[in-house]
Every structure is written in C-alpha cells, then in structure tokens.
Amino acid sequence: MAETSISESETATKSQLIYRCKKCRRIVASEDIIVPHERGKGESSFKWSKRNSESWDNKKQPADCTSIFVEPMKWMQPVQEGQVEEKLVCMGCKARLGYFNWAGLQCSCGAWINPAFQLQKSKLDECYM
C-alpha cells in the first residue's frame, strides 16, 4: 500500500506540459518535442526595417519568444507531402497555428532555428496533463 502512494505522488508532480489548439482544443504538441534554442540578441538581430524605432534609444531586455519550435509531427500534412515551406494548420478546425521552413526561421527573440517548425503561442493553450 505504501508503494502505491509513492507512485501516485511521483506522477502528480511530473505533470506534462501540452499545447492545444485554442479554437478546437485538439492536442498539437507536448513538452518533450519542443526544440530549445538560445535566446537571440533581440531586435538588434533583425533588419533595420523590422526594428521598432523606439527600441534602439532604450536598451531594453529582449522580449519573450512569441512562438515555440517543435520537431516535425505526423499531423503536419504539408511536411508529409514534401513541401519545403508552408503554413501549419490544425487537423481538426483548419485554424492556422504556425509556419514551417526547412531552411529555417528567425524567432522573435532574434535566434535562427534550422529547420524551423514554428507554432505561435497566441494560437495555442498551454495545459498540464
């Protein structure tokens, strides 16, 4: 009986982070397939035309990443079809969740990720399971 209470407490503390589509609540990613990346140099990493005019006057800390990068998954239909770059849409409701490019994409923090399978955090709900 003591063994079951230990295993239950271990599983309760090891809750896994999952990401769901905000529109239909379908699970689209989990914590273990996220590709970590080092934080970039913020707006100084972008072209002049993409920079905010106020930011170079004030030396601000770079903002948090607005997206997550994941490994390619089976539900990503354009990837399975052999596309090089395309939008990523939810299988359930066809809402746009992000974008992928085998050549890479630049994160909002300024870091480059190659290959990039980007999911926008604004289109996802973070849940613990």
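This report describes the fold, one sheet and the surface of a predicted protein model.

## Overall make-up

The protein has two helices and nine strands. Along the sequence these elements follow the pattern α-β-β-β-α-β-β-β-β-β-β. A helix therefore opens the pattern, and three strands come before the next helix, with six strands after it.

## The four-stranded sheet

Strands of a sheet pair through backbone hydrogen bonds, either parallel or antiparallel. In this protein, four strands form an open sheet in the order 3-8-5-4, and their pairing is antiparallel. The edges are strand 3, residues 67–69, and strand 4, residues 85–89; each of these pairs on one side only. From one strand to the next, the twist averages 25 degrees.

The order of the strands in the sheet can be set beside their numbering, which runs from the N terminus. Strand 8 stands between strand 3 and strand 5 in the order, and strand 5 stands between strand 8 and strand 4.

## Strand 3 and strand 8

How many bridges join strand 3 and strand 8? The two strands pair over three bridges in the antiparallel sense, with strand 8 covering residues 116–120. One bridge can be named by its residues: phenylalanine 69 has glutamine 118 in strand 8 as its bridge partner.

## Burial, contacts and surface

Of the 129 residues in the protein, 33% are buried, where buried means under 20% relative accessible area. Among contacts with a separation of 6 or more, 57% are between residues 24 or more positions apart.

The accessible surface of the protein is about 8900 Å². Carbon and sulfur atoms account for 51% of this surface.

Terms used:
Residues are numbered from 1 along each chain as its sequence is written. This is a predicted model: local features need pLDDT of at least 70, side-chain atom pairs count only at pLDDT 80 or more; totals for chains, interfaces and linings use all residues. Side-chain values use heavy atoms; hydrogens and water are left out. Two strands pair if DSSP finds at least two bridges between them. Axes are lines fitted to C-alpha atoms, for helices over the stretch in contact, and angles run from 0 to 180 degrees between N-to-C directions. Buried means under 20% relative accessible area, exposed over 50%, partly exposed in between (1.4 Å probe, protein chains only). Contact means heavy atoms within 4.5 Å. Accessible areas come from the Shrake-Rupley method with a 1.4 Å probe; for residues, only the protein chains shown count as cover.
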